[in-house]
Every structure is written in C-alpha cells, then in structure tokens.
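Q: How should the features of a structural model be read?

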Amino acid sequence: MDNVFTSHLANLSTPVPYEEATWHPFLRDAANLALPHDRLAFWLAQDRIYAAQAYPRFIALLITKIPLDSTDPSIQDRSRRALQILVGCLDNIVREVNFFEDTARRYDLDIGGVEQGEGQVWLERKATRDYTAEMARIASLGTLEEGLVFLWAMEKVYLDAWSKVSSALHTKPESELGRTGQALRDLSYSWSTANPDFSKFVQGIGKLVDEYWAPPFQEAVVRAERIWARVVELEAEFWPQLNEEGKMRISRM
C-alpha cells in the first residue's frame, strides 16, 4: 500500500516549521561538536522521563483500543498486526532506557535518577511535562487511529532529526569527538537512517497508519492533521535552549 496518508501529513505546512523540530540549535550544536556535555546530560535525563514513564503508558493505552474481539476477518488481521507493532514498541523502549543508562555511564553523563527526590540531578522541564501530558490525553481520549498518528509522528521526527546529526558526525575523525562527541555518535546512530532496525521500525508504524487511514479519508482527517502539527510543536520545544541546563540542575545542600 502506498504511503498516502503519512505523506500527506509530512508534506503539510505546520504552524511551527518542521525544521524547528528536526534542526533545532541543540541539534546543530550536536552535529558541529559544539554541544556542552552537561546540556547533553540534561536532555538525556528529560528523554529518559519520556521513555521510562510516559511512552509505556501511552502504548499500553493504545493496545486497549485495538478491537481484538472483532469477528470481521479483515479487522482481525489488521488488529493483530497493530498489536504486534505496539508490543514491539514496548520491547524497544525497554532496550532504549537501558541504552540511555549504559551510555550515561560509559561517557560520564550525569542524568541522575528518573524519579523525583533522592538521586535526581535535573528538574523536569515544562516542555517535558507538556509532551507527556499530551501523550496521556491522546492515548486516553483519542481513537486508536489518532494514537497511531501521534506515535508515528513522534518516531518520524526523531528519525529525521537524528539522521542529520548522525550524518554530520560520520564525517568527523575519531580524534575530534571527545567523550561528548562519542556519546552523540552512539545516540544519533541509534535513531538514524544509518540504523536499519530503527528505519524499519518507523516505516512499519507508517504503513500501519496508512492502512488505518486509507482513502477515502475519514472525517477525522482534520484531527489527525492537528495531531501532526502538535507533535512537531512539542518536539521543537523538547530540545533544551542555550544555557538552560545551568538553571535546571538541582543544587545539593
């Protein structure tokens, strides 16, 4: 099946330009080896909140919306494939959280604990709270189809953003990387087109979205377009700003 609907979304002009989500100054600094070590640690701590807490809940709620009790063979087949993909999302996120923590240890990135209280190094950003709240809202109140659009949009933006960084770092000699560059090389590869597993994962979600939103388009298309635009906005806001990490580290008495 042609990627009709996902192509439609990806080609939309959004209120927040797509490039702000995929080529933010944070990402440009990462690609140019100009990103401070603490800013990378700060971002990774925020992303771990998203991955360890919000993402599993989001996926779990989408699974509850799959019509597994349908007696229609075509719906049964599509539902089983949706379940397979969403269960794969849970498997992936467990590996990803472990990858975060392994990378932090290997390159001395101080990400601290994921829970509030003892062991926490960084305050949670408003952008992180906004993102995870929107995930919970869509997964709770939206349809399965809308949730799948949100899921694909998140992964699509990530793929496009980190592919640029990975491509840029691939041209840098090992001697220039340092520990921050080495961490960025490992992280960016994981979410880039250079990683065939992640590319295939994002493509698989996209194909499922295209199937659920096959022409003729449903009346809910406007809501899907708003979801796409909202994810672009949330992704753009999720990248830390210049020197923000200096104000967000938790001081210890």
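A: Accessibility is a suitable start: buried means under 20% relative accessible area, exposed over 50%, and partly exposed in between (1.4 Å probe, protein chains only). This is a predicted model, in which local features need pLDDT of at least 70 and side-chain atom pairs count only at pLDDT 80 or more, while totals for chains, interfaces and linings use all residues. Residues are numbered from 1 along each chain as its sequence is written, and side-chain values use heavy atoms, without hydrogens and water.

Q: Which sign does phi have in most residues other than glycine, and what is the phi of Leu33?

A: In most residues other than glycine, phi is negative. Leu33, however, has a positive phi near 60 degrees. Leu33 sits in the loop between helix H3 (25–31) and H4; helices are DSSP runs (H or I, at least four residues), numbered from the N terminus. With a relative accessible area of 26%, Leu33 is partly exposed.

Q: What is the phi of Asn243, and where does Asn243 lie?

A: Asn243, not a glycine either, has a positive phi of about 65 degrees. Its place is the loop between H10 and helix H11 (245–248), and its relative accessibility of 48% makes Asn243 partly exposed.

Q: How is the lining of the largest pocket divided by residue type?

A: Ala, Val, Leu, Ile, Met, Phe, Trp, Tyr, Cys and Pro count as nonpolar, Asp, Glu, Lys and Arg as charged, and the others, including Gly, as polar. Here the lining comprises eleven nonpolar, three polar and six charged residues.

Technical notes:
Helix = DSSP H or I, 4+ residues; strand = E, 2+ residues; numbered from the N terminus.
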